[in-house]
Amino acid sequence: KTDPWGISTAVDIYACVPDIIQNAGMIDKFVKDLGERIGMKCIEDCQVIHFGEGETLTGFSMSHPIDTSHISGHFADATHTAYLNIFSCKLYEPREAAEFAMSFFKAHHYKMQIALRE
(Lines give C-alpha, C1' and ligand atoms only; values in the text may rest on other atoms or scores of the structure.)
Protein backbone atom coordinates (compact mmCIF):
# COMPACT_ATOMS: atom_id res chain seq x y z
CA LYS A 1 0.00 0.00 0.00
CA THR A 2 1.38 3.41 -0.91
CA ASP A 3 -0.43 5.46 1.73
CA PRO A 4 -0.42 3.59 5.08
CA TRP A 5 -1.90 5.00 8.27
CA GLY A 6 1.35 4.34 10.13
CA ILE A 7 4.54 2.36 10.25
CA SER A 8 5.91 -0.02 12.86
CA THR A 9 9.56 -1.08 12.91
CA ALA A 10 11.13 -3.75 15.09
CA VAL A 11 14.93 -3.60 15.21
CA ASP A 12 17.18 -6.12 16.94
CA ILE A 13 20.68 -4.68 17.38
CA TYR A 14 23.47 -7.16 18.13
CA ALA A 15 26.84 -6.88 19.90
CA CYS A 16 26.13 -3.49 21.49
CA VAL A 17 28.74 -1.92 23.76
CA PRO A 18 27.70 -2.94 27.31
CA ASP A 19 28.67 0.41 28.86
CA ILE A 20 26.09 2.11 26.63
CA ILE A 21 23.12 -0.27 26.88
CA GLN A 22 23.63 -0.65 30.63
CA ASN A 23 23.44 3.11 31.26
CA ALA A 24 19.99 4.68 31.79
CA GLY A 25 21.27 8.15 30.88
CA MET A 26 22.64 6.91 27.55
CA ILE A 27 19.38 5.14 26.74
CA ASP A 28 17.45 8.35 27.48
CA LYS A 29 19.85 10.31 25.25
CA PHE A 30 19.45 7.73 22.48
CA VAL A 31 15.66 8.09 22.43
CA LYS A 32 15.84 11.89 22.28
CA ASP A 33 18.48 11.78 19.53
CA LEU A 34 16.49 9.19 17.58
CA GLY A 35 13.36 11.33 17.83
CA GLU A 36 15.22 14.28 16.35
CA ARG A 37 16.82 12.11 13.67
CA ILE A 38 13.51 10.74 12.35
CA GLY A 39 11.58 13.98 12.81
CA MET A 40 9.55 13.06 15.88
CA LYS A 41 8.93 15.20 18.93
CA CYS A 42 9.45 13.39 22.22
CA ILE A 43 6.79 14.23 24.80
CA GLU A 44 6.75 13.63 28.55
CA ASP A 45 9.68 11.84 30.18
CA CYS A 46 11.32 8.68 28.97
CA GLN A 47 10.81 5.76 31.34
CA VAL A 48 14.01 3.72 31.73
CA ILE A 49 13.76 0.90 34.26
CA HIS A 50 16.24 -1.88 35.07
CA PHE A 51 14.61 -5.16 35.97
CA GLY A 52 14.48 -8.89 35.33
CA GLU A 53 15.42 -11.92 37.35
CA GLY A 54 18.16 -14.27 36.41
CA GLU A 55 21.26 -13.58 34.40
CA THR A 56 19.59 -14.02 31.00
CA LEU A 57 16.64 -11.67 31.59
CA THR A 58 18.07 -8.58 33.30
CA GLY A 59 18.40 -5.30 31.51
CA PHE A 60 16.88 -1.89 31.01
CA SER A 61 13.46 -1.45 29.44
CA MET A 62 12.53 1.89 27.93
CA SER A 63 9.24 3.46 26.96
CA HIS A 64 8.83 6.92 25.48
CA PRO A 65 5.77 8.54 23.93
CA ILE A 66 6.36 10.68 20.85
CA ASP A 67 3.93 13.17 19.38
CA THR A 68 2.89 10.65 16.72
CA SER A 69 2.94 7.49 18.90
CA HIS A 70 5.64 5.53 20.76
CA ILE A 71 9.25 4.25 20.96
CA SER A 72 10.06 1.34 23.26
CA GLY A 73 12.81 -1.16 23.79
CA HIS A 74 14.58 -3.68 25.96
CA PHE A 75 18.35 -3.87 26.41
CA ALA A 76 19.58 -7.35 27.37
CA ASP A 77 22.60 -7.35 29.66
CA ALA A 78 23.60 -10.97 29.02
CA THR A 79 23.59 -10.85 25.21
CA HIS A 80 24.45 -7.16 24.67
CA THR A 81 21.42 -6.90 22.39
CA ALA A 82 18.93 -4.05 22.03
CA TYR A 83 15.35 -4.80 20.95
CA LEU A 84 13.62 -1.64 19.71
CA ASN A 85 10.07 -0.92 18.55
CA ILE A 86 9.22 2.32 16.78
CA PHE A 87 5.59 3.05 15.89
CA SER A 88 4.36 6.26 14.33
CA CYS A 89 1.46 7.46 12.25
CA LYS A 90 3.92 9.94 10.72
CA LEU A 91 6.05 8.13 8.18
CA TYR A 92 9.81 7.87 8.70
CA GLU A 93 12.65 5.94 7.09
CA PRO A 94 13.08 2.66 9.04
CA ARG A 95 16.60 1.99 7.76
CA GLU A 96 17.74 5.42 8.93
CA ALA A 97 16.39 4.67 12.42
CA ALA A 98 18.04 1.22 12.50
CA GLU A 99 21.40 2.44 11.26
CA PHE A 100 21.38 5.34 13.71
CA ALA A 101 20.66 2.91 16.56
CA MET A 102 23.44 0.57 15.44
CA SER A 103 25.86 3.49 15.33
CA PHE A 104 24.76 4.93 18.69
CA PHE A 105 25.15 1.60 20.50
CA LYS A 106 28.39 0.84 18.59
CA ALA A 107 26.88 -2.47 17.54
CA HIS A 108 28.02 -5.08 15.06
CA HIS A 109 24.83 -5.62 13.01
CA TYR A 110 21.03 -5.48 13.14
CA LYS A 111 17.90 -7.20 11.85
CA MET A 112 14.78 -5.23 11.06
CA GLN A 113 11.10 -6.01 10.46
CA ILE A 114 8.76 -3.39 9.05
CA ALA A 115 4.96 -3.40 9.12
CA LEU A 116 2.82 -0.82 7.35
CA ARG A 117 -0.32 -0.18 9.41
CA GLU A 118 -3.55 0.37 7.55
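1. In which helix do Lys32 and Asp28 both lie, and how many residues apart are they? Both belong to helix α2, with their positions 4 residues apart, about one turn of the helix. Their side chains meet in a salt bridge at 2.9 Å, N to O. Please keep in mind as you look that this is a predicted model.

2. Helix α2 has another pair for you to find: Lys29 forms a salt bridge with Asp33, with the closest N and O atoms 2.8 Å apart. These two are also 4 residues apart, about one helical turn. Why does that spacing matter? An α-helix has 3.6 residues a turn, so residues three or four places apart point the same way. Lys29 is partly exposed at 40% relative accessible area, and Asp33 is partly exposed at 22%.

3. Next, look between helices. Arg37 forms a salt bridge with Glu96, the closest N and O atoms being 3.5 Å apart. Because Arg37 lies in α2 and Glu96 in α3, the pair ties together parts that are 59 residues apart in sequence. A search of the whole structure finds 3 salt bridges.

4. Now follow helix α3, residues 94–104, where the buried residues include Pro94, Ala97 and Phe104. The buried residues cover an arc of only 165° around the axis, which puts them on the same side of α3. Among the elements covering them are β1, α2 and β6. At the N-terminal end, Glu93 caps α3, and just after the helix Lys106 takes a positive phi of about 50°.

5. Finally, visit Ser61 in strand β3. Ser61 counts as buried because its relative accessibility is 18%, under the 20% cut-off. Its side chain makes a polar contact with the side chain of His74 at 2.6 Å.

Conventions. Residues are numbered from 1 along each chain as its sequence is written. This is a predicted model: local features need pLDDT of at least 70, side-chain atom pairs count only at pLDDT 80 or more; totals for chains, interfaces and linings use all residues. Side-chain values use heavy atoms; hydrogens and water are left out. Buried means under 20% relative accessible area, exposed over 50%, partly exposed in between (1.4 Å probe, protein chains only). A polar contact is a pair of N or O atoms within 3.5 Å; within protein, one must be able to donate a hydrogen and the other to accept it, and residues adjacent in sequence count only if both atoms are side-chain atoms. The arc is that of the directions from the helix axis to the C-beta atoms. Contact means heavy atoms within 4.5 Å. A salt bridge is a side-chain nitrogen of Lys or Arg within 4 Å of a carboxyl oxygen of Asp or Glu.
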